[in-house]
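Work through the exercises below with the model in view. Try each task before you read its solution.

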Amino acid sequence: MSKDMMEIRWHGRGGQGAKTAALLLGEAAIAAGKYVQAFPEYGPERMGAPVAAYDRIAAKEITIHSPVLKPDVVLVLDETLIESVDMVHGLSESDGVLIVNTPDSKEETKKRIKWNGSKIITIDASKIAQANIGRPIPNTPMIGALIGATLILPIEAFMEDTKKKLEKKFKSKPEVIEGNLKAIRQAYEEVRK
Amino acid sequence: MEKTIAARTGNEAMAEAMRQINPDVCAAYPITPATEIMQIFAGFVNDGKVKTNLITVESEHSAMSACVGSAASGARTMTATSSQGLAYMHEILFIAAGIRLPIVLAEVNRNISAPINIHCDHSDTMAERDSGWIQLFSENPQEAYDAMIMAPRIAEHKDVSLPIMVTTDGFIISHGMERIELYPDAEVQKFVGEYKAPYNVLDVDHPITVGSIVLQDYTFEFKKAQHEAMKNAKRVILEVGREFAKTFGKEYGLIEAYKCDDADYITISLGSTAGTTKTAVEELRAEGIKAGLIKIRSFRPFPAEEIAAILSKAKAVAVLDRSESMSNQAGPVATEVKNGLYDAGMKVPLASYIYGLGGREIFIEDIKDVYKELKNIADGKSKPEQAKYIGLKV
């Protein structure tokens, strides 16, 4: 990547919201004045199958239209994928950022994932989601963690844009909107600490 | 003008333009990766956001047939398809063009079977290059949106009166979300204007014959008129592009020449890969290599003279084709470019490449390698190859 563009790769299983996370982040970044691409990897689409999704975020127009090879940030929504998918492919150990949804420690996770970079963040996003939203869908708190780790966007701008999106989608379920926002905030603050 | 900054995929952008244009009739049949365009548009119909008469049919052959009937009765008519769907429309595409019906088709470029593959290449669109349709390629969702707004103006122009397909690259653009600037409905509608068909098969006070048999006596003259209309289309695409620039602020031509003024080495490509190439050009220029790009926006009509003029100072040229024509020589784009160079009396060294079939990825490094090969050719270290495959697994 060039210094003025951030490339992000999301790993999850079909149904866990990797694509939705990439889109939510991308839309919020556009609302905050950035240039963005957000796209999933299209393969066999089945509930539970490994999926990947990508974001490119930059201050200038992005013309490149090839897949992301060397992400700056990798997010793992589902730690059970660690043994079957090469999560850290192309992720630099010197300045890459790895964010994993797991209750385990950084050291345990690094060993398990066979990655020796220093910028690893472990966060129990599923637990945060369960506590705040009532379902263990980790994608929105993982965006909170990503913003906490990279400050790619002001968290307030992301919260505001996501609130608008969720208000459209969950008109009759205000508790889902409130829960998601709380989960994002909690994950963000946990990482900022 | 108050533009709205939004996040849209190529399919969403095309559907948005269709909503703003509010065509009289759409007839469509779903196919990956174009399905979403009509799915979103059907939502607009359902929600009363457009007054379009949406005809659901049982095949693409029927979809294009319904479009022919609709357009012949003077209705502004649109559809969307991809790949096998476009191939299944094949015989009706020629009829739409031969009857001179300004139908607008949102086409998402996808591989043609076999093998069965849902991903991007240009083999579907290129297979219809002789059908008599105007064919515009888009680098990104913004260009697809803008081209859809210009499409009715070009197709319906009295000197053209030809059907037009606006294409995006399957998944890469159709399903890739990007930042886009949308224009107000009223401005788009004012630009597109109302369609007044010169003839109308339902106008019983002025009866006409449409689609009749014409043998040796006049078919030849019909074809010559079509030929002239496609020539006129070059002028009209430029005129509409200039007017679009005045209204919406971005000008479109038949081609986009990117950093070609002082370029020694120029590659030619279409669609999303032209965008990737721009980044490659930037990186090569930072390394001191004078690289340039010609992005072909209009493949039909083909801008042969315009391309030859830009290549006149180049030391070596490469054409990147995302489809095969199995001629043992080069892909369809390279063939056309070479035609133009011959007519211009030019003999610049030209290498032709085949890439990206069935969605095979192409990376900046692949494209930079092409430029480096051009330098070798210009330096006399190697000879230009034809239909060389990029990115094959070994």
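**Exercise 1: A glutamate on a helix**

Decide whether A:Glu178 is buried, partly exposed or exposed.

*Solution.* The relative accessible area of A:Glu178 is 42%, so this residue is partly exposed. The classes are buried (under 20% relative accessible area), exposed (over 50%) and partly exposed in between, with a 1.4 Å probe and protein chains only. Next, place the residue: A:Glu178 sits in helix H6 of chain A, residues 174-192. Helices (H or I, at least four residues) and strands (E, at least two) are DSSP runs numbered from the N terminus. Finally, look back eleven residues: the C-alpha atoms of A:Glu178 and A:Glu167 are 9.7 Å apart.

A note before going on. The model is predicted, so local features need pLDDT of at least 70 and side-chain atom pairs pLDDT 80 or more, while totals for chains, interfaces and linings use all residues. Residues count from 1 along each chain as its sequence is written, chains are lettered from A and ligands numbered from 1 in the order written, and side-chain values use heavy atoms, without hydrogens and water.

**Exercise 2: A sheet across two chains**

Find the order of the eight strands in the open sheet.

*Solution.* Read across the sheet: E6(A)-E5(A)-E4(A)-E1(A)-E3(A)-E2(A)-E8(B)-E1(B), with mixed pairing. Two strands pair if DSSP finds at least two bridges between them. Now check the edges. Strand E6 (120-123) of chain A and strand E1 (4-8) of chain B each have a single partner strand, so one side of each has no neighbour in the sheet. From one strand to the next, the twist averages 20°.

Zoom in on the chain B end. E1(B) and strand E8 (residues 177-182) of chain B run antiparallel, joined by five bridges. Within that pair, B:Thr4 faces B:Leu182 of E8(B).

Then add the helix. H4 of chain A (residues 139-150) packs on the sheet. Its contacts (heavy atoms within 4.5 Å) are with strands E1 (5-13), E4 (73-76), E5 (97-101) and E6 of chain A. The direction of H4 makes about 150° with that of E5(A). Such angles run from 0 to 180 degrees between N-to-C directions, with axes fitted to C-alpha atoms, for helices over the stretch in contact.

**Exercise 3: Backbone oddities**

Which residues does the cis peptide bond with omega near -5° join at B:Pro33?

*Solution.* The bond runs from B:Thr32 to B:Pro33. B:Pro33 lies in the loop between strand E2 (25-28) and helix H2 (35-46) of chain B. Another cis bond links B:Ala114 to B:Pro115, with omega about -5°. B:Pro115 belongs to the loop between strand E5 (104-109) and helix H6 (123-126) of chain B.

Now turn to phi. A:Leu151 is not a glycine, yet its phi is positive, about 50°. This leucine is in the loop between H4 and helix H5 (155-169) of chain A. A:Leu151 is partly exposed, at 45% relative accessible area. B:Met326 also has a positive phi, near 50°. B:Met326 is exposed, with a relative accessible area of 65%.

**Exercise 4: Salt bridges**

How many salt bridges does a search of the whole structure find?

*Solution.* The total is 37 over all chains. A salt bridge needs a side-chain nitrogen of Lys or Arg within 4 Å of a carboxyl oxygen of Asp or Glu.

Take one in chain A. A:Glu79 and A:Arg112 meet at 2.7 Å, N to O. A:Glu79 is in the loop between E4 and E5 of chain A and A:Arg112 is in helix H2 (residues 106-113) of chain A, so the pair ties together parts 33 residues apart in sequence. A:Glu79 is buried at 19%; A:Arg112 is partly exposed at 29%.

Take one in chain B. The closest N and O atoms of B:Lys278 and B:Glu139 are 2.8 Å apart. B:Lys278 is in helix H10 (residues 272-286) of chain B and B:Glu139 is in the loop between strand E6 (134-137) and helix H7 (141-156) of chain B, so the pair ties together parts 139 residues apart in sequence. B:Lys278 is buried at 9%, and B:Glu139 is buried at 1%.
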